[in-house]
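Reader: I would like a close look at a single part of this model, set in the context of its surroundings. Please take it step by step.

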Amino acid sequence: MIKLPGLIDPHVHVREPGQTHKEDWDSATQAALSGGVTMILAMPNTKPPIFDASTLDIALDAAKQKARCDYAQFIGAGPDNADILPNLASKAAGLKMYLDSTFGELRLDDMTLWMPHFEKFPKGYPIVLHSESRTMAAGILFAALYDRPVHIAHISLKEEVLLIKAAKEKGIKVTCEVCPHHLFLNNEDLTGLTYGRREVRPQLGTKEDVDSLWKNMDVIDCFATDHAPHTLTEKDSDNPPPGFPGLETLLPLLLTAVDQGQLTMDDIIQKSVINPREIFHLPEQPETWVEVDEHAEYEIHAADQFTRCGWTPFEGWKVKGKVRKVVLRGKTAFEDGKILAEPGSGENIRK
Ligand code: DOR
Ligand code: ZN
């Protein structure tokens, strides 16, 4: 049995308010705990989006009632809310800016819309960018121009990891995360994944992209799931929304990579605990740990998961390393497949 600190997932779509048929604060935090994740940072592209004081309160009220692990909620940058967000910064995980099109309404097409957010959002609080390819390069230029840190969500391309490497070497304050699906799947070998179930933003990369992410693992600061649940009916429809669930498969996939010599345990602790804590200014969780049976081999099946979405892109994958027990702030929160933490026992770490 191996003991790890509770993992932090800085990128989770909880879907509440507005789309609780996909997920809510209860099911998302159960999925987190069963995956060894004891703290999640929730994204703001809900319905309505979290973009002012009252929508932030709606999300935080739901979380307070239902969350079973610790959390914070991002606020979203819109075309006309840059003036009000600084007052909300201390209550939020940070500011999320959608610079490319994806699921939900939050998007800032025009670079003049990015400027007031970079100017006004307090420098001590993180800005996270959904940016792809050349938009990412523009986002890094903004970090340099405004001399403030930016965190690039879900990098997926060779050109992205190489550009971030170069920017870091120049001293620009940029950090980044990678998702398991961009490390373990590519767009050339998708046996078993039908069309709608391949849809994700950023899209899956080529084998060359994936190889480059692995090769430049030292450039990558965090692992993040981008847990983005949509139901199977939605994924298999004519107009499938992009996104994969990921909270319950993150740690088993990473542990399997450790078993195969592709990663070390230290990589997991660094990129899923230490670095996210530092980048997002998160508190330590006292008396919090995860017990993992590193020898247990099993198959991933959606039927065993706590997420409400009912599927996983890793269906049938054989993994080695199983979460047996999770202790959160001194209390057993998960043990042998059962959630023991009560709804509302999770704490808002920004309160
Ligand atoms: O695939 C994605 N799904 N990418 C995103 O950026 C949003 C997410 C979602 O909310 O479904
Ligand atoms: Zn996302």
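In which loop does proline 48 lie? Please start there, then go on to the other cis peptide bond, the ligand and the spaces in the protein.

Author: The model is a predicted one, and what follows should be read as a description of that prediction. Proline 48 lies in the loop that runs between strand E3 (37-42) and helix H2 (53-66). The peptide bond that joins lysine 47 to proline 48 is cis, with omega at about -5°.

A cis peptide bond also joins glutamate 16 and proline 17, and there omega is about 15°. Proline 17 is found in the loop between strand E2 (7-12) and helix H1 (25-34). Arginine 15 is found in the loop between E2 and H1 as well. Its backbone deserves a remark: phi of arginine 15 is near 75°, a positive value in a residue other than glycine.

Arginine 15 leads on to the ligand. One of the polar side-chain atoms of arginine 15 lies 2.7 Å from an oxygen atom of ligand 1. For histidine 13, a polar side-chain atom lies 3.3 Å from an oxygen atom of ligand 1. Glycine 243 takes part through its backbone: an N or O atom of its main chain lies 3.3 Å from an oxygen atom of the ligand. Taken alone, ligand 1 exposes 290 Å², and the protein buries 100% of that area.

The shell around ligand 1 holds 13 residues, of which the closest are Arg15, Asn45, Thr102, Arg201 and His230. By residue class, this shell divides into four nonpolar, six polar and three charged.

Next come the spaces themselves. Rolling a probe the size of a water molecule over the atoms shows where empty space is left. With a threshold of 30 Å³ or more, the count comes to one cavity. The largest cavity holds about 120 Å³ of space. It is lined by 16 residues, and the closest to its centre are His13, Thr102, Arg201, Asp226 and Ala228. Four residues of this lining are nonpolar, eight are polar and four are charged. Ligand 1 sits in the largest cavity. Thr102 and Arg201 are thus named among the residues closest to the cavity centre and among those closest to ligand 1. His13, also named for the cavity centre, is the residue with the 3.3 Å side-chain approach to a ligand oxygen.

The open space is described separately. The largest pocket has a volume of about 340 Å³. Its lining has 18 residues, and Ser34, Tyr298, Asp304, Lys322 and Phe334 are the closest to its centre. Two elements give two or more residues to this lining: strand E11 (289-299) and strand E12 (318-328). E12 provides the largest share, three residues. In the lining of the largest pocket, six residues are nonpolar, six polar and six charged.

To return to the starting point, the cis bond at proline 48 belongs to the loop between E3 and H2. The cis bond at proline 17 belongs to the loop between E2 and H1, where arginine 15 is also found.

Terms used
Residues numbered from 1 in each chain as written. Chains lettered and ligands numbered in written order. Predicted model: local features only at pLDDT ≥ 70, side-chain atom pairs only at ≥ 80, totals over all residues. Heavy atoms only, no water. 1 Å grid on protein atoms, 1.4 Å probe; cavity = no way out; pocket = protein on both sides within 12 Å on 5 of 7 lines; lining within 4 Å. Points joined across faces, edges and corners; volume = space filled by probe spheres on them. Nonpolar A, V, L, I, M, F, W, Y, C, P; charged D, E, K, R; others polar. Near = heavy atom within 4 Å. Polar contact = N/O pair within 3.5 Å; in protein donor to acceptor, adjacent residues only side chain to side chain. Areas by Shrake-Rupley, 256 points an atom, 1.4 Å probe, with all protein chains shown as cover. Sits in = over half its atoms within 2 Å of the grid points. Helix = DSSP H or I, 4+ residues; strand = E, 2+ residues; numbered from the N terminus.
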